[in-house]
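Student: Hello! Could you teach me how to read a protein model, one feature at a time?
Tutor: Gladly. Here is the one we will look at together.

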Amino acid sequence: MKVYRLLAVLVLTSFLLIWYYILRVNNGLFNGISLGVNSSFSGFSLGRKSHRSLANGTEIAIVVVACGERHNEALNMIKSAIMFNRNQAPLRFIVVAEEQLKQNFVEKLDDWQEINDNIFTYEIHSLTFPEANKDEWKKLFKPCAAQRLFLPSLLPHIDSVLYVDSDTIFLSPVQELWSMFRNFNASQFAGMAPEHEDKNAGWYNRFARHPYYGDLGVNSGVMLMNLTRMRDFKWEEHIMPIYKEYRLKLVWGDQDIINILFHHHPDRLYIFPCDWNYRADHCMYMSVCDAPDGVKIIHGNRGYFHSYVQPIFNLLYTTIEEYAFRTDIHSNFIRTVEDSLTLPSNSNCDKLLDKFLQDPRKYFKQNQYIEET
């Protein structure tokens with residue numbers, strides 16, 4: 001009888017030691033499980049975690065908000081960030097989405113994690129707006145776009161994020177933009193690109209009925225956010241009175257609110273180049289964004305990804321959408337775009353093909369990827 005007890009103790013002890021080792025190796029996180037958690041983090045799902053990814057350097061947090069038809073755009077943005085993450089920096093995607101879209105994100109991101117060796121992690125959060133005027137906030141400008149105004153309180157566990165609109169795609173490694181946090185001075189807590197480069201085409205300087213940042217305003221579609229500093233600044237306490245005072249004069253919704261705030265607090269904002277928020281406005285009439293090192297992030301605002309008004313925007317978007325992970329980027333992205341774009345073209349943006357492909361051509365050579373056997 002004593003022998004059986006001793007064996008039972010040994011088996012139990014071995015089991016506990018093995019379990020402890022598993023938890024230690026995985027930093028106390030469960031691999032391969034999606035959790036639906038209702039907590040102070042506003043109800044989020046944790047995707048698969050990998051201790052390997054965290055060992056590769058500072059984790060980069062990318063936030064996107066998705067409502068309605070923006071679901072596919074948001075996934076394409078995430079796909080592009082993974083494709084061009086050539087140094088395999090650890091990425092964390094933070095998706096804020098309508099309830100009916102959450103499961104779709106979980107299924108797709110779980111698949112992509114497995115294909116890409118768990119180089120990224122993800123969280124999925126519920127939309128969260130202030131109870132006062134909740135419906136107004138949700139419908140301000142485009143559905144759910146105003147959610148970015150409330151990221152400091154929605155993500156209390158995160159220090160800094162890169163917020164991007166769903167209608168953006170990366171053509172370069174996100175760590176290049178992330179490194180600009182190091183350029184912030186002691187007072188700055190956000191970074192954005194100008195709304196325009198040319199006063200003759202500027203919207204804010206010609207039409208705005210409210211204050212705005214600088215001479216031409218800023219575009220909030222790509223935004224570096226130090227959430228810790230924003231919380232210290234009491235960001236959301238500044239947002240509310242701006243909305244109350246100017247809500248009948250806001251044409252571009254939350255972007256206008258951001259412009260008004262930084263008009264009064266210009267010392268809090270870092271300006272980065274238009275390369276990192278490149279829009280059709282930069283090329284449709286004439287090239288007004290130099291982008292000496294190539295276009296880094298394309299912002300397909302006003303539906304340019306889904307129309308043929310500027311064919312290069314639609315082509316880049318759809319080629320990324322059709323790309324299969326772990327296949328050659330040179331053949332299946334660069335060459336596809338080169339072969340599919342009809343030149344000469346009536347579009348001034350199409351004529352800047354070399355600018356759009358400058359970074360991909362630099363880092364992805366022909367047949368660079370060889371499938372493991």
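Student: How are two packed helices described?
Tutor: Two packed helices are described by the angle between their axes and by the distance between those axes. In this predicted model, take helix H3 (residues 70-83) and helix H12 (residues 311-322): their axes come within 9 Å and cross at roughly 75°.

Student: What does the angle say about how H3 and H12 lie to each other?
Tutor: Angles of 65 to 115 degrees count as roughly perpendicular, and therefore H3 and H12 are roughly perpendicular to each other.

Student: Which residues of H3 and H12 meet?
Tutor: From H3 come Asn72, Glu73, Asn76, Lys79, Ser80 and Met83, and they meet Tyr317, Ile320, Glu321 and Glu322 of H12. Sorted by class, this contact has three nonpolar, three polar and four charged residues.

Student: Next, disulfides. How many are there?
Tutor: A disulfide is recognised here by two cysteine sulfur atoms within 2.5 Å. The count comes to three disulfides. One of them joins Cys67 to Cys144, with an S to S distance of 1.8 Å.

Student: Where in the chain are Cys67 and Cys144?
Tutor: Cys67 is in the loop between strand S3 (60-66) and H3, while Cys144 is in the loop between helix H5 (134-139) and helix H6 (151-154). They are 77 residues apart, so the pair links distant parts of the chain.

Student: Is the disulfide of Cys67 and Cys144 left-handed or right-handed?
Tutor: Look at the torsion about the S-S bond: it is about -90°, so this disulfide is left-handed.

Student: What about empty space inside? How many cavities of 30 Å³ or more does a search of the whole structure find?
Tutor: The search finds one cavity of 30 Å³ or more. The volume of the largest cavity is about 40 Å³.

Student: Which residues line the largest cavity?
Tutor: Its lining is made of Tyr278, Ser287, Cys289, Asp290, Ala291, Val295, Leu352, Lys355 and Phe356. By class, six of the lining residues are nonpolar, one is polar and two are charged.

Student: Can we finish with the backbone? Which residues does a cis peptide bond join?
Tutor: For this, read omega. The peptide bond between Leu343 and Pro344 is cis, with omega about 0°. You can find Pro344 in the loop between helix H13 (329-340) and helix H14 (353-356).

Student: And what is phi of Asp117 near?
Tutor: Phi of Asp117 is near 55°, a positive value in a residue other than glycine. Look for Asp117 in the loop between helix H4 (102-115) and strand S5 (120-126).

Conventions
Residues are numbered from 1 along each chain as its sequence is written. This is a predicted model: local features need pLDDT of at least 70, side-chain atom pairs count only at pLDDT 80 or more; totals for chains, interfaces and linings use all residues. Side-chain values use heavy atoms; hydrogens and water are left out. Axes are lines fitted to C-alpha atoms, for helices over the stretch in contact, and angles run from 0 to 180 degrees between N-to-C directions. Helices (H or I, at least four residues) and strands (E, at least two) are DSSP runs, numbered from the N terminus. Angles under 35 degrees count as roughly parallel, over 145 as roughly antiparallel, 65 to 115 as roughly perpendicular and the rest as oblique. Contact means heavy atoms within 4.5 Å. Ala, Val, Leu, Ile, Met, Phe, Trp, Tyr, Cys and Pro count as nonpolar, Asp, Glu, Lys and Arg as charged, and the others, Gly among them, as polar. On a 1 Å grid over the protein atoms alone, a cavity is a set of points where a 1.4 Å probe fits but cannot get out, and a pocket is an open set with protein on both sides within 12 Å along at least five of seven lines; lining residues have an atom within 4 Å of a point. Grid points are joined across faces, edges and corners, and a volume is the space filled by probe spheres set on the points.
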